[in-house]
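User: Could you take a close look at one part of this model for me? I would like to hear about the second largest pocket and then about the loops with unusual backbone angles.

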Amino acid sequence: MFAGLPELGISNGEDLKETLTNCTEPLKAIDQFQMENGILLPTLQSALPFLDLHGTPRLEFHQSVFDELREKLMERVAFIAEGKEEDRYTKLEELLEKSFPLVKMPSIQPVVMQVMKHLPKVPEKKLKQVMADKELYKVCAVEVKRQIWQDNQALFGDEVSPLLKQYIVEKEAALFSSDLSILHNFFSPSPKTRRQGEVVQKLTQMIGKNVKLYDMVLQFLRTLFLRTRNVHYCTLRAELLMSLHDLDISEICSVDPCHKFTWCLDACIREKFVDAKRARELQGFLDGVKKGQEQVLGDLSMILCDPFASNTLVLSTVRNLQELLSQDALPRDSPDLLLLLRMLSLGQGAWDMIDSQVFKEPRLVRSVLTELEVVTRFLPAMMSIVVDDYTYTVEQKLPSEEKSSGTYPTTLPETFTRYLQDNRVACEMGLYYVLHIAKQRNKNALQRLLPALVETYNDMAFGDIFLHLLTGHLTLLSDEFGTEEFCAAVFDNFLLTSFSSKENVHRHTLRLLNHLHQKVNQSSMETLMKTLEPPKQSSEQVKELYTQLSEKLEASKRSPPQPEEAPGLDLGLHPVTVPTTASTPTTPL
């Protein structure tokens, strides 16, 4: 407990023991020891007997004085460190040299740690001693740990790793939330709210203004992204930079070449739309990547691969198409639309770019052709589906003798389905179009499109993000689940085609049924319960969801559900009235 006192010439318990062992008059020896080691203040000696009369132990008195002096000393250390004297750090280093031998003494340790905290560069020898002692390392300030971490990447990785795992767990938990809603989903929190999360704040504090530590974290994120293909690491890359931006850490923001691009994109994500002005700014950043600095594209692609960025880009694409339809203009004539496709392509190619280390934006040669085909072939095919839908809607309003056909189209253009399978940008747009028609409560179009999603590029339709959004959007059509036809379209023709091989699909299906079980057609529900019964090897989450669903069904048998009023919704993207011609009928997208 009193290790280090002899090094400073201060007596400790062993000295008192030796004195009492060798003395002839113990009481005089104790008095002498008290005078030599007590508070060296002559006027105090006459006051101490009064404390004795009041029954106050000398230990209690000395402890209170010690605590007061320690607080004053710590305040003084902070005052010196914040001052402007040229020799302030020299004074602190001298104090550290004198006090460090007592670093293991609990009563002195806070002073030593306070001195180290305020030194921009703690002597290497002291840092090694702290790093070698687990207890000391645990209690030292983050400012000291930064100095240790910057030369010990493995140790820093051990500290960061649990936080990165926690971040991924939290993101995936949000995608499997039991709360299904179109208004409150994975993408609802604002960027500023998201980066107030525990993990981002802890990482921000750990990095401080240390560029070397920031670079280490980015390298961890790139490595983990390559190893797992988990796009949530891309989200953290952007959130961390913007968290440092919020704190005005110019030491890092000024050297990260992605800072201004991320800042601009962050504003777009906040508004859930890329307007023309910001589109030009983003294009300027992409066009401004200089020869020899192409590696920046790797980080830019990661930032664009962030699901929140992708969501904003595709929503902007849909809105852009709405405007083009209202203006009777072609997609190929819209520079903003081409830029959105360019950024989507760059973001979706992030993994390939970082993996191959070929930092070349996929827009020349191969991808210009691909993007042009998306604009000239895929989008027209998608628009033809809109025309079919519009034509059917108009025909239903005509007198029966003027109707050419009373049935809704069931097939899809071959070009549309082929691009869903072969092109990731087209697939992303196709998936969001499905969400769009679900938001419009368009049952016919949804029944027509869902079977086409069984085979998509890289199985994107069975990814957690799309299924999270789709299940939320399907709550708008809850009443339609009362028909076998609609249940067959959603379950038999889409979700159940892969639930046995993809456990995440199993979970999302059970999430949907837990929310809508009272609306589902009874015969369909019975079949679904048999089909979705988890096999023994299923995860606990799947088994728990199935158990919850079973319990809800049992409860509903005992007490029939009360009819609910459908809530009024402002769905954000309002239909645009489109001028039509006899040759090219169109409908709001």
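Analyst: Happy to help! A word on naming comes before the loops: helices here are DSSP runs of H or I with at least four residues, numbered from the N terminus. Please keep in mind that this is a predicted model.

Let's begin with the pocket. The second largest pocket has a volume of about 1,000 Å³, and 34 residues line it. Nearest its centre lie Arg229, Val231, Asn458, Met460 and Ile465. Several helices each supply at least two residues of this lining, among them helix 11 (153-175), helix 14 (211-228), helix 20 (307-326) and helix 21 (335-348). Helix 22 (350-356), helix 25 (424-439) and helix 27 (464-474) each do so too. Sorted by class, the lining holds 16 nonpolar, 10 polar and 8 charged residues.

Two of these helices also lead us to the loops. Helix 22 is followed by a loop that runs to helix 23 (366-397), and glutamine 357 lies in that loop. Glutamine 357 is not a glycine, yet its phi is positive, at about 60°. Most residues other than glycine have a negative phi. Glutamine 357 counts as partly exposed because its relative accessibility is 46%, between the 20% and 50% limits.

Helix 25 brings us to the other case: arginine 441 sits in the loop between helix 25 and helix 26 (443-449). Arginine 441 also has a positive phi of about 60° without being a glycine. With a relative accessible area of 40%, arginine 441 is partly exposed.

Definitions and conventions
Residues are numbered from 1 along each chain as its sequence is written. This is a predicted model: local features need pLDDT of at least 70, side-chain atom pairs count only at pLDDT 80 or more; totals for chains, interfaces and linings use all residues. Side-chain values use heavy atoms; hydrogens and water are left out. On a 1 Å grid over the protein atoms alone, a cavity is a set of points where a 1.4 Å probe fits but cannot get out, and a pocket is an open set with protein on both sides within 12 Å along at least five of seven lines; lining residues have an atom within 4 Å of a point. Grid points are joined across faces, edges and corners, and a volume is the space filled by probe spheres set on the points. Ala, Val, Leu, Ile, Met, Phe, Trp, Tyr, Cys and Pro count as nonpolar, Asp, Glu, Lys and Arg as charged, and the others, Gly among them, as polar. Buried means under 20% relative accessible area, exposed over 50%, partly exposed in between (1.4 Å probe, protein chains only).
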